[in-house]
Amino acid sequence: VRGVDEAHDLVLPYSLPFDSEWAGPAILDSPALGNATYSHALVHRSEGKYIGELGMVGWDNAKSWFSDTPQDHVMFSRFASAAEDVCKKAKLKESELELMKGCKKGETWNWDSLTDLFSKSGQSAELTELADRLHNMELSMIFHHCNSVVNA
């Protein structure tokens, strides 16, 4: 995926609470912390099966960053609502529908299970298409959300 390293370098100083060799000094107490942490998780989910920093597979690293994202972050509920509509229209096999059921957690979604769904997206063309649609929608949503915060 093009731009993953660049995106990582942009969000790292805002989401990592200490200085690093990858991004330099940490920017502590930034109002961008929640958005940067959520975006950091998306960057690692984009890495997928590839090994990134600290020797972690992208999907596992994404789970770690999603767990560090403030639980009241607006994207959790916004994306869950939009994703539910997309998923209802998807034509999935029974086993793939079971994967989807694990993603729901009350009114929000279980981001570990959703990341697991992404990790299995190569199992069928339908699941690949669904994962691509969800990922692109989520990227668009976080970009629009961050832009609205900056321009408020």
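This passage describes helix packing in a predicted model. Local features require pLDDT of at least 70, side-chain atom pairs count only at pLDDT 80 or more, and totals for chains, interfaces and linings use all residues. Residues are numbered from 1 along each chain as its sequence is written, and side-chain values use heavy atoms, without hydrogens and water.

Helix 1 covers residues 4-15 (helices are DSSP runs of H or I, at least four residues, numbered from the N terminus). Its end C-alpha atoms lie 16 Å apart. This agrees with the 16 Å expected for 12 residues at 1.5 Å a residue (1.5 Å times one less than the number of residues). Val-4, His-8, Val-11, Leu-12, Pro-13 and Ser-15 are its buried residues (under 20% relative accessible area, 1.4 Å probe, protein chains only). They pack against helix 2 (33-47) and helix 3 (58-68).

Helix 6 (residues 111-119) and helix 7 (residues 125-150) have axes that come within 9 Å and cross at roughly 130 degrees. The axes are lines fitted to C-alpha atoms over the stretch in contact, with angles from 0 to 180 degrees between N-to-C directions. The two helices are therefore oblique to each other (neither under 35, nor over 145, nor 65 to 115 degrees). Trp-111, Leu-114, Leu-117 and Phe-118 of helix 6 meet Leu-127, Ala-131, Leu-134, His-135 and Glu-138 of helix 7.

Val-86 sits in helix 4 (residues 74-89). Its relative accessibility is 11%, so Val-86 counts as buried. Beyond neighbours within four places in sequence, Val-86 is in contact (heavy atoms within 4.5 Å) with Leu-130, Arg-133, Leu-134 and Met-137. The C-alpha atoms of Val-86 and Arg-133 are separated by 8.0 Å, at 47 residues apart along the chain.

Definitions and conventions. Buried means under 20% relative accessible area, exposed over 50%, partly exposed in between (1.4 Å probe, protein chains only).
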